[in-house]
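Colleague: I am new to reading protein models and would like to go through one slowly. Could we take a few features in turn, with the general idea before the particular case?

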Amino acid sequence: MGHANHTWTPSFLLAGFTTTGTLQPLAFLGTLCIYLLTLAGNLLIIVLVWADSGLSTPMYFFISVLSFLELWYVSTTVPMLLHTLLHGRSPISSAACFVQLYVFHSLGMTECCLLGVMALDRYLAICRPLHYHSLMSRQVQLWLAGASWVAGFSAALVPASLTATLPFCLREVAHYFCDLAPLMRLVCVDTSWHDRVHRAVIGVATGCNFMFILGLYVGILKVVLNLPSAASRAKAFSTCSSHITVVALFYASAFTVYVGSPGSHLKGTDKHIALVYALLTPFLNPIIYTLRNKEVKEAMKRVSVRIRTLLNEP
């Protein structure tokens, strides 16, 4: 398009999902239930970790940080999804759109870094058990968690700020929130340079962390296979299984959407894939970390007994 067609768009229109008849209230209620259960599940993990001394280990500290992140991550997009399900296409101001884009990608990159930190924690616990507590002191835990947030919010500045400075000729976003790929389709000018920058930043952030996690688990696998008994090998694997499941869910969906040109996906496919990493994964994380975890179940019993005791006091 020529420069004469370049315009500043004061607002965008989120297309959301097309639902009609009885499907609309069902989709809304189903999404609302998942959202509320996600909030409740992640809040439960945070409360358990901070209220029960039995969960005062580095592993559960990082799980609680992940749960805190998931509360914000899911709340960045799902309220808008609920609004579009209830009211159809919904307007959003340009400022709110770009803030949502930045916060969503910041939280996503922070989760990427945090998953790497959690893999490092498992590596030190299994491969350096004698030095684990000195290496993973409380100060180190806080530093690693804080560094993950700083790295995530810093890296997301590049794609968000570059996208915000582009001229937009169209205003209907084929998504239920402001994301890179659907926004790039609305731009008036050639975006090949921006696409390369987006791929570089997101590719380095996700790819390097994924390779880091993969390398750590190769080291873990070598150590576990040399353990003397099957019981000790099973116990070591069980402490990693939840994290591996979460990593697989997160990276499978992230690579599908963000590895490659942000404008290269078929129109309308991004929002369906986004349901996996923006709604389903935060919903499943508390279930994955608690369903087969005896320590968490025992902590729930202890905390519930304490609550009942407090309530029964005169």
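Colleague: Let me begin with a helix: what covers the buried residues of α5?

Modeller: Please keep in mind that this is a predicted model. The cover over the buried residues of α5 includes α2, which runs over residues 58–87, and α3, which runs over residues 94–127.

Colleague: Which residues of α5 are the buried ones?

Modeller: A residue is called buried when its relative accessible area is under 20%. In α5 the residues that meet this description are Q141, L144, A145, S148 and G152. Looking down the axis of α5, one finds these buried residues within an arc of 95 degrees, so they line one face of the helix.

Colleague: And which exposed residues are carried by the face of α5 turned away from its buried side?

Modeller: That face carries Q139, W143 and V150, and these are exposed.

Colleague: How many residues does α5 have, and how far does it reach from its first C-alpha to its last?

Modeller: Helix α5 covers residues 138–155, which is 18 residues, and its reach between the first and last C-alpha is 26 Å, close to the 26 Å expected at 1.5 Å a residue.

Colleague: In helix α6, which residues are buried?

Modeller: The same way of reading can be used again. Helix α6 spans residues 157–164, and its buried residues are P159, A160, L162 and T163. Seen along the axis of α6, they fall within an arc of 165 degrees, so here too the buried residues line one face of the helix.

Colleague: What do the buried residues of α6 pack against?

Modeller: They pack against α3, α5, α7 and α8, the last of these being residues 192–225.

Colleague: I would like to move to rings: how many aromatic pairs does a search of the whole structure find?

Modeller: The search finds 16 aromatic pairs. To describe a pair, one gives the distance between the ring centres and the angle between the ring planes, and angles from 30 to 60 degrees count as tilted. For F68 and W149 the centres are 6.0 Å apart and the planes stand at 50 degrees, so this pair is tilted. Since F68 belongs to helix α2 and W149 to helix α5, the pair ties together parts that are 81 residues apart in sequence.

Colleague: Are F68 and W149 buried, exposed or partly exposed?

Modeller: F68 is partly exposed, with a relative accessible area of 40%, and W149 is also partly exposed, with a value of 22%. Another tilted pair is formed by F104 and Y277, with 6.0 Å from centre to centre and 45 degrees between the planes. This pair links distant parts of the chain, for F104 lies in helix α3 and Y277 in helix α10, 173 residues apart. F104 is buried at a relative accessible area of 2%, and Y277 is buried at 4%.

Colleague: Which residues form one aromatic cluster together with F104 and Y277?

Modeller: The cluster also contains F17, Y73, Y176 and F177. Over the face of F17 lies K271, at 5.2 Å from the ring centre.

Colleague: Where is H175, and which residues does it touch?

Modeller: H175 is in the loop between β3 and α7, and it is buried, with a relative accessible area of 0%. When residues up to four places away in sequence are not counted, H175 touches L14, A15, G16, P182, D270, K271 and A274. C178 lies in that loop between β3 and α7 as well, and at 0% relative accessibility C178 counts as buried. With the same neighbours in sequence left out, the residues that C178 touches are L14, I92, C97, Q100, L101 and L183.

Colleague: As a last feature, with which side chain does the side chain of S11 make a polar contact?

Modeller: For such a contact one looks for a pair of N or O atoms within 3.5 Å. The side chain of S11 makes a polar contact of 2.9 Å with the side chain of R171, and S11 itself has its place in strand β1, residues 11–14. Beyond four places in sequence, S11 touches I92, S93, S94 and R171.

Definitions and conventions: Residues are numbered from 1 along each chain as its sequence is written. This is a predicted model: local features need pLDDT of at least 70, side-chain atom pairs count only at pLDDT 80 or more; totals for chains, interfaces and linings use all residues. Side-chain values use heavy atoms; hydrogens and water are left out. Helices (H or I, at least four residues) and strands (E, at least two) are DSSP runs, numbered from the N terminus. The expected span of a helix is 1.5 Å times one less than its number of residues. Buried means under 20% relative accessible area, exposed over 50%, partly exposed in between (1.4 Å probe, protein chains only). The arc is that of the directions from the helix axis to the C-beta atoms. Contact means heavy atoms within 4.5 Å. Rings of Phe, Tyr and Trp (its six-membered ring) pair if their centres lie within 6.5 Å; planes under 30 degrees apart count as stacked, over 60 as edge-to-face and the rest as tilted. A charge sits over a ring if NZ of Lys or CZ of Arg is within 6 Å of the ring centre and within 35 degrees of the ring normal. A polar contact is a pair of N or O atoms within 3.5 Å; within protein, one must be able to donate a hydrogen and the other to accept it, and residues adjacent in sequence count only if both atoms are side-chain atoms.
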